[in-house]
Amino acid sequence: MTDDRPATAVLLDLEPHAEGGWFRRMWTGGYAVETPAGERPAATCIHYLLTPGEESAWHVVTSDEVWLWHGPGKLALSLGGDGEAPSLDHTVVLGPDLAAGERLQYTVPAGVWQAARLVADEEVVVSCVVSPGFSFEDWRLAD
């Protein structure tokens, strides 16, 4: 049996994500909170990998999401407003060059459209912390 996952996905035991790229939930908070959609963990955290040729499709989450850069590549995180469909508002780059305006982390507020892509042809690993915790019931892709 062959494993068609990228090497980093194998090392981190990541699976395909519906929006593109690779992920695995690394942590689920031990406390639950009530949300309009029902009970959710207070927070969750995943590792997320993009490799050359992959990108994250436009999607929206009903919770705040903190993106934490690990590298080695840089990630362009595009924000598309909070309307019914994404409309590119601005892009932030997650990476190590703080003097150039890159950031080590960035918080996407609840209800804001987001998409991610590589800045160059080098894979990137990030962690995403979502609070209240992530549920696919609270997430949707753009049409």
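## A buried acid and its lysine partner

E102 is buried in this predicted model, with a relative accessible area of 10%. Its partner K74 is partly exposed, at 29% relative accessibility. What do the side chains of K74 and E102 form where they meet? They form a salt bridge, with 2.7 Å from N to O. K74 sits in the loop between strand 7 (64-72) and strand 8 (75-79), while E102 belongs to the loop between strand 9 (90-94) and strand 10, so the salt bridge ties together parts of the chain that are 28 residues apart in sequence.

## Other salt bridges

How many salt bridges does the structure hold? The count is 7. One of them joins E137 to R40, with the closest N and O atoms 3.4 Å apart. This pair links distant parts of the chain, 97 residues apart: E137 is in the loop between strand 12 and strand 13 (139-141), and R40 is in strand 4 (residues 38-41). The two partners sit in opposite surroundings: E137 is exposed, with a relative accessible area of 67%, whereas R40 is buried at 8%.

R140 and E84 also meet through their side chains in a salt bridge, at 3.9 Å from N to O. Here R140 comes from strand 13 and E84 from the loop between strand 8 and strand 9, so the contact ties together parts that are 56 residues apart in sequence. R140 is partly exposed, with a relative accessible area of 39%, and E84 counts as exposed at 67% relative accessibility. Elsewhere, D3, R5, D13 and E15 are linked in a network of salt bridges.

## The open sheet

Now to the strands. An open sheet is formed by 6 strands, in the order 1-2-5-12-7-10, with antiparallel pairing. Which strands lie at the edges? They are strand 1 (15-16) and strand 10 (105-108), each of which pairs on one side only. As background, strands of a sheet pair through backbone hydrogen bonds, either parallel or antiparallel.

Strand 5 (residues 44-50) makes a good place to look at the pairing. It runs antiparallel to strand 12 (residues 124-131), and 7 bridges join the two. Strand 2 is also antiparallel to strand 5, joined to it by 6 bridges. You can follow the register through T44: T28 has T44 as its bridge partner in strand 5, and T44 in turn stands opposite V130 in strand 12. Further along, Y48 stands opposite V126 in strand 12.

## Strand 5, covered on both sides

Is strand 5 mostly covered or mostly open? It is mostly covered, with 7 of its 7 residues buried. In a regular strand the side chains alternate between the two faces of the sheet. In strand 5, T44, I46, Y48 and L50 point one way, while C45, H47 and L49 point the other way. All of these residues are buried.

## W22 beside strand 5

W22 lies in strand 2 (residues 22-28) and counts as buried, at 11% relative accessibility. Beyond its neighbours within four places in sequence, W22 is in contact with several residues of strand 5, among them H47, Y48 and L49. The C-alpha atoms of W22 and H47 are 8.1 Å apart in space, although the two residues are 25 apart in sequence. W22 also contacts residues including R5, P6, A9, L14 and E15. With E54 there is a polar contact between the two side chains, at 2.7 Å.

## An aromatic cluster

The structure has 3 aromatic pairs. One of them is F134 with F136, an edge-to-face pair with 4.9 Å centre to centre and 85° between the planes. F136 also pairs edge-to-face with W139, at 5.2 Å centre to centre and 90° between the planes. Together, F134, F136 and W139 form one aromatic cluster.

Which of these rings are buried and which are exposed in part? F134 counts as buried at 18% relative accessibility, and W139 is buried at 14%. F136 is partly exposed, with a relative accessible area of 40%.

## What the record says

An unreviewed UniProt entry carries the annotation "domain: DUF985", covering residues 12-142. Over residues 12-142 the chain is 0% helix and 53% strand, and the end C-alpha atoms are 28 Å apart.

Technical notes. Residues are numbered from 1 along each chain as its sequence is written. This is a predicted model: local features need pLDDT of at least 70, side-chain atom pairs count only at pLDDT 80 or more; totals for chains, interfaces and linings use all residues. Side-chain values use heavy atoms; hydrogens and water are left out. Two strands pair if DSSP finds at least two bridges between them. A salt bridge is a side-chain nitrogen of Lys or Arg within 4 Å of a carboxyl oxygen of Asp or Glu. Buried means under 20% relative accessible area, exposed over 50%, partly exposed in between (1.4 Å probe, protein chains only). UniProt positions are given in the numbering used here, feature names are shortened, and annotations may be inferred rather than shown by experiment. Contact means heavy atoms within 4.5 Å. A polar contact is a pair of N or O atoms within 3.5 Å; within protein, one must be able to donate a hydrogen and the other to accept it, and residues adjacent in sequence count only if both atoms are side-chain atoms. Rings of Phe, Tyr and Trp (its six-membered ring) pair if their centres lie within 6.5 Å; planes under 30 degrees apart count as stacked, over 60 as edge-to-face and the rest as tilted.
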